[in-house]
Structure formats: structure tokens, C-alpha cells
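Dear colleague,

I am handing over the structure below, and would be glad if you looked through it before reading on. My notes on what was found follow directly after it.

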Amino acid sequence: MQKLMALFGGLTGRRAIFAAFLTGALMALGHAPWGLWPLTLVGFVVLAILLEAADTPRAALWHGWGAGGGYFAVSLSWIVEPFFVDVARHGWMAPFAIFLMAGGLAIFWAVSFWGARKLAGQKRAALALCVTLPLAELLRAYVFTGFPWAMPAYIWVDLAPMQLVSLIGPHGLNVLTLLMTAGVWGASGISRNAAFVLGIAVWGVAPVVSGYLTWDAVPVSDERPLIRLLQPNAPQHLKWDPEWVSVFYDRNLAFTAEPGELGRPDLIIWPETSVPVRLSEEEYGMQLLRDAANGVPVLFGIGHARDEGFYNSIVHMNAEGGLDQSYDKRHLVPFGEYVPFGDVMAQFGIYGLAANQGYGFTAGAEAKLFDLGPLGQALPLICYEAVFPQDVNAAPDGADWILQITNDAWFGQISGPWQHLVQAQFRAVEQGKPLVRVANTGVTAMIDPYGTITAQLPFATEGFLDAYLPEARSETLYRSTGDWPVLFLLLLSGLVLIFYRSGSGIGS
């Protein structure tokens with residue numbers, strides 16, 4: 001710690017901003033696929049040092065913006081991949097996308113650094129950051145339709161602290177992550193005893209509690225429903241190519257008809273927008289699907305026009321071949337599936353990347369559950385919808401498991417698909433429900449209610465996976481409370497900081 005203080009404590013001006021940017025970039029390596037989570041923890045300590053070294057709230061703001069810029073530039077580097085699917089049309093947007101996205105999201109961190117320095121003064125700014133940065137992350141998940149990708153909490157995937165999100169949610173785990181690092185550092189600057197007590201609380205109690213939450217995990221039984229997950233591995237630049245459409249559809253039909261080593265499944269699931277024909281029981285392509293399923297119910301992703309709109313949907317084909325249930329995606333991707341102020345943007349030739357009609361897709365009306373008889377009630381999510389813990393938490397009660405179909409071919413092969421998978425794992429733990437993830441190119445996986453992947457297909461390969469559906473846990477505390485307790489705690493802590501500052505006369 002003393003070496004870190006000596007190295008970063010004296011930095012000011014542009015050198016401090018550059019150091020913050022570099023630190024943020026290294027911290028991002030704690031996320032998938034790299035998984036170097038100690039870098040994130042050490043990084044928060046370095047940022048606490050840089051924050052306390054800031055002479056003024058204005059300087060702290062620039063330190064926070066630099067840190068956020070580096071963090072989001074690396075963790076969201078996959079954001080350029082969709083623009084290279086059609087280079088001639090969208091390639092020019094790629095540099096703007098990464099710079100605007102990283103720089104824009106960094107504003108949340110900048111304001112949190114400014115707020116910490118303003119509210120608590122220079123000496124206690126690191127402790128205040130444990131309030132202001134999680135609050136900024138909470139706001140990032142909600143404002144402007146929200147984008148909570150790459151939250152600090154996600155570094156804990158497949159580690160014991162991940163289990164705590166069943167109690168306090170990912171934003172609560174953000175708070176604990178800050179307390180473990182910047183909080184302990186900030187407390188040490190005030191009192192060694194305070195730092196010791198805080199360190200014991202978060203580094204001792206939290207792992208014990210999170211470990212306890214996994215003690216009742218049970219192996220998946222072969223008496224549970226057997227579900228077949230299809231992965232056709234259609235590259236995005238070929239997916240809608242007229243010469244390839246039938247190839248990918250035939251591939252899925254063949255996977256659907258396979259007898260399988262474990263016997264015929266109880267349900268077959270196709271990935272997002274994998275059916276290229278019209279949604280009609282009289283459609284020849286639908287008859288091919290009906291014949292391939294041969295009495296097994298199928299859930300499939302399809303884009304279809306209806307009611308003067310174009311929807312990204314999941315449709316259920318029952319054992320008799322009838323289309324009896326459907327769900328339309330509600331939380332669409334801005335500038336991907338729709339363009340805000342689309343009629344204006346269209347005049348400049350700007351359309352959604354995934355849109356293939358008009359200005360993009362139309363948002364569905366409501367969340368719903370699929371009634372799948374012996375397989376129970378399934379909560380359907382399409383791609384991006386699994387990124388939002390609050391949306392999943394607000395879904396109707398009664399789900400026995402969660403389904404996510406997605407087309408991660410948009411995200412490239414380096415980091416995007418793996419980070420998307422991590423967020424699905426967190427949703428399973430938060431809800432205490434197994435999550436079935438079916439992806440066009442991967443990662444296709446069966447996830448148990450503790451976030452553990454029980455079965456998985458290799459990435460970027462074609463094939464199908466027959467896996468038994470794990471049993472759900474009892475309802476989690478987070479399912480009952482959502483983000484309200486964490487928000488209340490952060491707001492209350494912020495008020496305490498304001499009261500303490502005004503009462504003690506701490507300077508800015």
C-alpha cells in the first residue's frame with residue numbers, strides 16, 4: 001500500500017488523469033474473458049489514492065472521467081464489432097461508437113468522483129466514493145433506458161461473492177466491492193482500527209455468508225426435463241445472405257430431428273431470429289419445422305410484421321404443431337434495433353444496425369410467462385433483456401426457469417459474448433432460477449440457480465446440446481426487494497456525508 005501511495009499519491013494534472021485512465025483500463029481486465037479480478041480490486045485502491053490526491057473537486061472530476069474512460073474503453077471494446085458486419089454502410093461509425101460510449105459512460109464516474117470530493121473533503125473522499133460510485137452505477141442502469149454492462153460486481157463471476165446477489169443484488173455487491181478496496185484504504189487514512197474493523201467485516205463476513213448460500217446446491221437429476229438447445233453458428237454477415245439462409249435453416253431442422261444420445265427431448269429451443277420464414281401455420285417453412293419436431297414442442301426466435309409494427313419475438317409451437325404462445329421483445333437496443341427520433345435520423349441515412357424494416361423493431365407491450373405444462377412456467381428474455389436485473393426482477397411472479405435466446409454474432413468473438421454470458425449467470429443467482437441460454441454462435445449453456453454452467457456447447461461451432469433443466473431454489477431476498485434497499489442505504493449515506501460536511505466545516 002505504501003508503494004502505491006508513493007507511486008500515485010504525488011501525481012497531479014494531466015499525469016494524474018493519464019494514470020487514472022491507465023488504471024481504469026487495467027481494471028477492466030477483471031471482466032470476462034480475462035478474469036483478472038485482482039487487478040480490479042487493486043485498481044480501486046489506486047483510484048482512491050488519486051482521488052485523495054486531487055486538490056479540488058474539479059480535479060477529482062477529471063480523475064474520475066479518466067478512470068471511467070479507460071475502464072469502459074477496454075470492457076466495452078466489443079462495441080465496435082457490430083459496425084464491421086457491414087463495413088461499407090456502418091464502418092465509419094465504429095471509432096465514434098467506442099469513443100462516445102466510453103467517454104459518455106465515464107461521465108457517471110466523473111460525477112461520482114466530484115461528488116465524493118465535494119461531500120467529504122480530501123481526507124475522507126475515498127470513503128465517500130463507496131457511496132457515490134455505486135450510486136452512479138445504479139443510475140447508469142436506469143437512465144436513458146439504462147446500460148449496466150460491465151458493472152464492477154461482475155468480476156466475481158464463479159467466485160463465492162457472486163452468491164450475495166441473491167440477497168443484495170448486483171448493486172449491493174458493487175457497494176461491497178468498493179468497501180473492500182477504496183473503503184478500507186480510506187478508513188486506514190483515518191484510523192487503523194477503523195480499517196481493521198471494516199476489513200474484517202467485508203473480507204471476512206462476506207465470503208462466509210456467500211459460501212453458506214451455496215451449501216444446499218444439488219446436482220442436476222436425469223429425472224428433470226430434458227431440453228435441446230440449438231446453435232447453428234450463423235456469422236452475422238452471412239445470416240441473411242440469400243445463399244446462406246436455407247443452409248442455416250436446414251441445419252437447425254436437422255438438429256431438431258436428431259434422436260439424440262439421451263433420447264428425444266421434452267422441449268427444443270432455437271436462438272434469436274433463427275426462423276427466416278413468415279409466422280403462419282400454413283407457411284411451408286413452418287411445416288418443415290413441424291415435421292422435424294415430430295411432436296416435440298419448440299420455442300423459436302423470429303422477426304415478424306404485425307399490427308403495423310415489426311417485432312423481435314419468441315413463439316411456442318406445441319406438440320400438435322400449433323402456434324399458441326408468443327412474446328415480443330420489450331427492451332430494445334438503442335441504435336441497434338431502433339433509432340431514437342428515427343424519422344429524423346433516417347433523413348441522414350442512419351438506421352438501426354439490426355433493423356431490416358423501416359426504422360427498426362417495435363417494442364413489445366408487456367412481460368409474460370410461457371406456460372409449458374410439465375416443464376413449468378418460463379420467463380422469456382431476448383438478447384439484451386438479460387442485461388437488466390431490474391427488468392427481470394419486475395417480471396411476473398411464478399416463473400420456474402428463465403429462457404434467454406440471443407444472437408451474439410453481433411458481439412464478435414473476443415469479449416462481448418462472454419460478458420453477456422456472465423450477466424445471464426448473475427440473473428440466475430439473483431432470481432434463484434435456472435437459466436437456459438440459447439445463442440446463435442454461442443455461448444449456448446444451461447445455468448443452474450447458483451450461476452454454475454452445468455452444460456455448454458463450444459463457442460463458434462454448430463451443434464446442439466441436450467441438457468437436463470436444474471431445479472429452482474426458493475425465492476430469493478433480492479427477488480422480493482429489488483434495488484430499493486441499496487438505493488435507500490446509498491441515499492441515507494449521502495445525507496450523512498452532507499450533514500457531516502456542513503457540521504464539521506470541511507473545505508472543498
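In these notes, buried means under 20% relative accessible area, exposed means over 50%, and partly exposed lies in between (1.4 Å probe, protein chains only). At 7% relative accessibility Cys 383 is therefore buried, and so is Cys 130, with a relative accessible area of 4%. With a disulfide taken as a pair of cysteine sulfur atoms within 2.5 Å, the count is 0 disulfides.

Please bear in mind that this is a predicted model, in which local features need pLDDT of at least 70 and side-chain atom pairs count only at pLDDT 80 or more, while totals for chains, interfaces and linings use all residues. Residues are numbered from 1 along each chain as its sequence is written, and side-chain values use heavy atoms, with hydrogens and water left out.

Helices (H or I, at least four residues) and strands (E, at least two) are DSSP runs numbered from the N terminus, and two strands pair if DSSP finds at least two bridges between them. One open sheet has 6 strands in the order E5-E4-E3-E2-E1-E12, with mixed pairing; its edge strands, E5 (323–328) and E12 (463–468), each pair on one side only. Within this sheet, E3 (residues 298–306) and E4 (residues 309–317) run antiparallel and are joined by 9 bridges, and Gly 303 has Asn 312 in E4 as its bridge partner.

A further open sheet of 6 strands follows the order E6-E7-E8-E9-E10-E11, again with mixed pairing, and is edged by E6 (370–371) and E11 (453–456). Here 3 bridges link the antiparallel strands E9 (residues 435–439) and E10 (residues 445–447), with Val 436 opposite Met 446 in E10.

Best regards
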